[in-house]
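Hi everyone, thanks for making time this morning. Please bring up the model on your screens and turn it around while I talk.

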Amino acid sequence: MKDLIYILGHKNPDTDSICAAIGYAEYKNKTGSTNAQAVRLGNINRETEFVLDYFNVAPPNYIETVKTQISDLYIDTVAPISPEISLKTAWSIMKKSNTSTMPVVDENQKLIGIISLSSLTSTYMDIWDNNVLSKSNTSIENILDTLSGSYIYSPENIHTFTGKVITAAMKPENIKDLIDEGDIVICGDRSDAQKIVITKKASLMILTGNHKISREILELAKKENCLIISTPYDTFTASRLILQSIPINYVMTKENIIKFRIDDFVEDIEDKMLKTRYRSYPVVDQNNKVVGSISRYHLISKNRKKLILVDHNEKSQSVDGIEDGEVLEIIDHHRIASIETGFPIIFRNEPVGSTSTIVANIFFENGIRPTKKTAGLLAAAIISDTLLFKSPTSTNVDKLILKRLSQIADIDIDSFAKDMFIAGTSLKGKTPEEIFLQDLKVYNIGKYKIGVTQIGTIDMEGFLDIKEEILALMNRKSEEENFNLLLLMLTDILNNGSKLLAIGKDKDIVSKTFNVELIDNSVYLPGILSRKKQIIPKITNTLINM
């Protein structure tokens, strides 16, 4: 994840945007140690779907934003601990790993609590209840580990401890009234005291100083089912240490845990960190499994997502959060627009009919042959963007590159183009939103906000049935998003012309630019096939001179 480079086209992607991204990702992965991945910023249209299906290529993954997420950071790895371990073991682990907090997980590695050094110390200092071992369901394993103990006698069924903890450090006759059935008793080597402890049905007798017991005491313990262990510590030390055998689930924080998900945005967690003062916070995945921990330190040098832009260099057309990303390269065939970088980058911008022409040229210039599938995708994108060389943006370079790609992909250019245009240009069954929004590009020209959608079709008649609905949609969008001008450019592939639908408070820009009259918000412009070369430059010139 840390070394990943996203290669992405513009929003509302067309065939060139998708195929150029896939092609350039293959090139980058073939020529370096990068982990390049093509992604998309919107739904795939019918034409692109046909192309991907034809060459059996999966669509790129969709991303919505490139804002920095926790997954982009080098967070601390952490080994979560079990809720059954003792306070002493938890303390030892935390000191060894030099951490002040540890996540606690269940048997499925899901987060159930947090334990901290401060909670361990405060708990130890605050415990004055001698019934705490029974209340916390402390296990014999925790007691043995805490006291460095060993078994002297262990019944077959070790029962839970239900009594209090007491120390038999007085005369035997004075002990009787203090011991209740089920108690845990710490005592020394006096056999008379040991007898009283066992006969009073203590559940556990702890012998200090590694003392032994007599055969008589052992037989009595077996009769009364009393567990006996020994510890090398003296009575005072053992009575202090035994409280550290409490399992951490008794004292850990279970409610209102402040945790973050691996896909959380850094800008969101910064606010939460400012409002709390913990040194670190657990990070979990979508299933609440712990994947690490994060602190304020990790936010100081946050890693930005690495990006390569293809088929656009306009901020309004690019991915949300691009200002948080690190643009490494731009490969494009449009006008130079509004993407800014903080340092020099590779920017390849050429006046050709398709970005995929440039991508294919990069392969060939470096003596690298694209795979058959990638060659097919790049060929399809050139056909699409140049309208099989009917667009005025077409160049001889496009034609030469397409010929070479078609040979690698083993396709007949004319036959493939016909099938692709038929699959992609039918308007049947499409909603106004699908038609207008699938290729909308936004241009900021001075103080004017211009939006232009271009749809290529061989079904001009089918458009008449939904014209009024599309005009209504354009009206709403123009008002809601404050466009000066919204255009739908319906390009007739067979007859080399485009019908323009114009909406907006400054729609007269169309009349001034092309010296035509809009009738019912529309006009047919013969010979106009390119948004990039024939629409935007002319509108820009009109606005500059207004």
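I'll go through some helix packing, then the cavities, and finish with two loop residues. Please keep in mind that this is a predicted model.

Let's start with helices. Two packed helices are described by the angle between their axes and the distance between the axes. Those are the two numbers to listen for.

Find helix α1, residues 15-31. Its axis and that of α13 come within 9 Å, crossing at roughly 15 degrees. An angle under 35 degrees counts as roughly parallel, and α1 and α13 are therefore roughly parallel to each other. The crossing of α1 past α13 is left-handed. Which residues meet here? On the α1 side there are D16, C19, A20, G23, Y24, E26 and Y27, and they meet T355, S356, V359, I362 and F363 in α13. Sorted by character, this contact has seven nonpolar residues, three polar and two charged.

Helix α1 also packs with helix α2, which covers residues 46-54. Here the axes come within 9 Å and the crossing is at roughly 35 degrees. From α1, the residues T15, I18, C19 and I22 meet E47, T48, V51 and L52 of α2. That contact divides into five nonpolar residues, two polar and one charged. If you are following along, C19 appears in the contact with α13 and again in the one with α2.

Now go back to α13, residues 355-365, and look at how it packs with α15, residues 396-409. Their axes are 10 Å apart, and the angle is about 65 degrees. That angle is why α13 is described as roughly perpendicular to α15. The crossing of α13 past α15 is left-handed. On α13 the contact is made by T357, A360, N361 and F364, and on α15 by V397, D398, I401, R404, L405 and I408. This group holds six nonpolar residues, two polar and two charged.

Next, the empty spaces. Rolling a probe the size of a water molecule over the atoms shows where empty space is left. How many cavities of 30 Å³ or more does the structure hold? There are three. The largest has a volume of about 510 Å³. It is lined by 29 residues, and those closest to its centre are D14, S384, D385, D439 and Q454. What sort of residues form this lining? They divide into six nonpolar, 15 polar and eight charged. Several elements each supply at least two lining residues: the helices α14 (372-386), α16 (413-425) and α21 (531-544), plus the strands β17 (440-445) and β18 (448-457).

Last stop: the backbone. Most residues other than glycine have a negative phi. N288, though, has a phi near 70 degrees, which is a positive value. You'll find N288 in the loop between β12 (281-284) and β13 (290-294). N515 has a positive phi too, near 55 degrees. Look for N515 in the loop between α20 (508-514) and β21 (522-526).

That's my tour, and I'm happy to take questions.

How values were computed
Residues numbered from 1 in each chain as written. Predicted model: local features only at pLDDT ≥ 70, side-chain atom pairs only at ≥ 80, totals over all residues. Heavy atoms only, no water. 1 Å grid on protein atoms, 1.4 Å probe; cavity = no way out; pocket = protein on both sides within 12 Å on 5 of 7 lines; lining within 4 Å. Points joined across faces, edges and corners; volume = space filled by probe spheres on them. Helix = DSSP H or I, 4+ residues; strand = E, 2+ residues; numbered from the N terminus. Nonpolar A, V, L, I, M, F, W, Y, C, P; charged D, E, K, R; others polar. Axes fitted to C-alpha atoms, helices over the stretch in contact; angles between N-to-C directions. Parallel < 35°, antiparallel > 145°, perpendicular 65-115°, else oblique. Left-handed = near helix turned anticlockwise from the far one by under 90°. Contact = heavy atoms within 4.5 Å.
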